[in-house]
Amino acid sequence: AVKKLQEIVMNPLQKNPFLSNPKAGRRQDRDHNERNHARRLEQEMQAERYKYKKLQNEKEEEISQLNDDITKLKRELELRRDDVEKLRKQLELRGSIDNVSLTSEELEDETKDRLESWVQIPTRNIRRGGWKRQFAVIAKNKLLLYNSERDQQAALSIDMEKLYHVRAVTQGDVIRVDATLIPKIFQVLYDSEGQTVVNSMTTSSLNAPAQDQIRGGSGENIEYKGHNFVVVAYRMPTNCETCNRPCYHLISPPPCLECTRCHVRCHKQHYDDKEEFIQPCRVNDKLSVKELLVMCSTEGEQKLWITKLSRKIPRRGIS
Ligand SMILES: [Zn+2]
Ligand SMILES: [Zn+2]
């Protein structure tokens, strides 16, 4: 054992496991390399992460750009659609002018008051400006509306006897309608009692007139023969239904009366003069009274329809 110990002391480099350890040195180097490697990897990963992040941002930007484009295109599509709709309407109107058949005076009495043309009436959704085409006919003391020229059965049939009132509308009557269409539209008030409606037509039940319908109304109500008259002043052309003379003036309109129920209008003067100026209100509290708006192709046609229909309405004015 002593000899062995001597050997170890004598030859320390050869055998001493604690002093001479070239392997350990190598391990240290390796650790160092690995650490470097790891650091490099981490740096590379960082770079990759950064690149990815950048790419992601770019793509996100692209997406939002594309979304903007989509919105723009949608908007354009909507505009184009409006244009198409406008053109379609124009085409329809032009077509209907060709369809207007006005009878001449030479024809016999039976057909003298006959009038037919394509018109439009509001769809259920008038708020959104919807109108639908109807073929309107005055025949045999009836106002008839057909869905198509070839239809045998009218979608709506109104007896002339049941007509209360026909007149041109003003912007106050049809608030949501484009002002340029107003001169083509007329309003019919009629009693729908006992009427059979084939298709569900768009005729609105009559409500009290909107406040803006009463132009210059003083808020004073006059109950007279069942009429509920309000004092109004017309600045747009309209006639007195008692004396048939104009009852409007652009600057200083004369005081007039309009019934909130049947919409009959006349000079207030007739009332003030205690004339027997008007027949009892026929719409008084009648729930069956309905309003129908009709849009013609042209202003001329509207006037023609109003004239023809007015002639058929049982007169209420006493003149
Ligand atoms: Zn009335
Ligand atoms: Zn008058």
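Does His 263 count as buried or exposed, and at what relative accessibility? In this predicted model, His 263 counts as buried because its relative accessibility is 2%, below the 20% limit for that class.

**View 1. The zinc ion (ligand 1) and its four protein donors.** The zinc ion (ligand 1) is held by one nitrogen atom, ND1 of His 227, and by the SG atoms of Cys 259, Cys 262 and Cys 281. These atoms lie at 2.0 to 2.4 Å from the ion. The angles among the four donor atoms run from 103 to 114°, and the arrangement is therefore tetrahedral. For four tetrahedral donors the ideal angle is 109.5 degrees. Along the sequence, the donor residues follow the spacing H-x31-C-x2-C-x18-C.

**View 2. His 227 and Cys 281, a pair that links distant parts of the chain.** His 227 belongs to strand E10 (residues 227-232), whereas Cys 281 is found in the loop between H5 and strand E13 (289-295). The two residues are 54 residues apart, and both of them are buried. Each supplies a donor atom to the zinc ion (ligand 1).

**View 3. The zinc ion (ligand 2) and its tetrahedral site.** Here the protein donors are SG of Cys 240, SG of Cys 243, ND1 of His 267 and NE2 of His 270. They lie 2.0 to 2.2 Å from the zinc ion (ligand 2). Angles among the four donor atoms span 105 to 117°. The spacing of these donor residues in sequence is C-x2-C-x23-H-x2-H. His 267 is classed as buried because its relative accessible area, 13%, is under 20%.

**View 4. The surroundings of His 270 in helix H5.** Helix H5 comprises residues 268-272, and His 270 lies within it. With a relative accessible area of 9%, His 270 is buried. Leaving aside residues up to four places away in sequence, His 270 touches Cys 240, Thr 242, Cys 243, Glu 275 and Phe 277. Two of these contacts, Cys 240 and Cys 243, are also donors of the zinc ion (ligand 2), as is His 270 itself.

**View 5. Asn 244 and His 263, two residues with positive phi.** Asn 244 is not a glycine, yet its phi is about 65°. This residue is placed in the loop between E10 and strand E11 (256-259). Asn 244 counts as partly exposed because its relative accessibility is 47%, which falls between the limits of 20% and 50%. His 263, likewise a residue other than glycine, has a phi near 65°. His 263 is located in the loop between E11 and strand E12 (265-267).

Technical notes:
Residues are numbered from 1 along each chain as its sequence is written. Chains are lettered from A and ligands numbered from 1 in the order in which they are written. This is a predicted model: local features need pLDDT of at least 70, side-chain atom pairs count only at pLDDT 80 or more; totals for chains, interfaces and linings use all residues. Side-chain values use heavy atoms; hydrogens and water are left out. Helices (H or I, at least four residues) and strands (E, at least two) are DSSP runs, numbered from the N terminus. Buried means under 20% relative accessible area, exposed over 50%, partly exposed in between (1.4 Å probe, protein chains only). Contact means heavy atoms within 4.5 Å. Donors are N, O and S atoms within 2.8 Å of the metal (3.2 Å for Na, K and Ca); water is not among the atoms, so sites may look incomplete. Four donors count as tetrahedral if all angles lie between 85 and 135 degrees; four count as square planar and six as octahedral if opposite donors are over 155 degrees apart and all others between 65 and 115; anything else is irregular.
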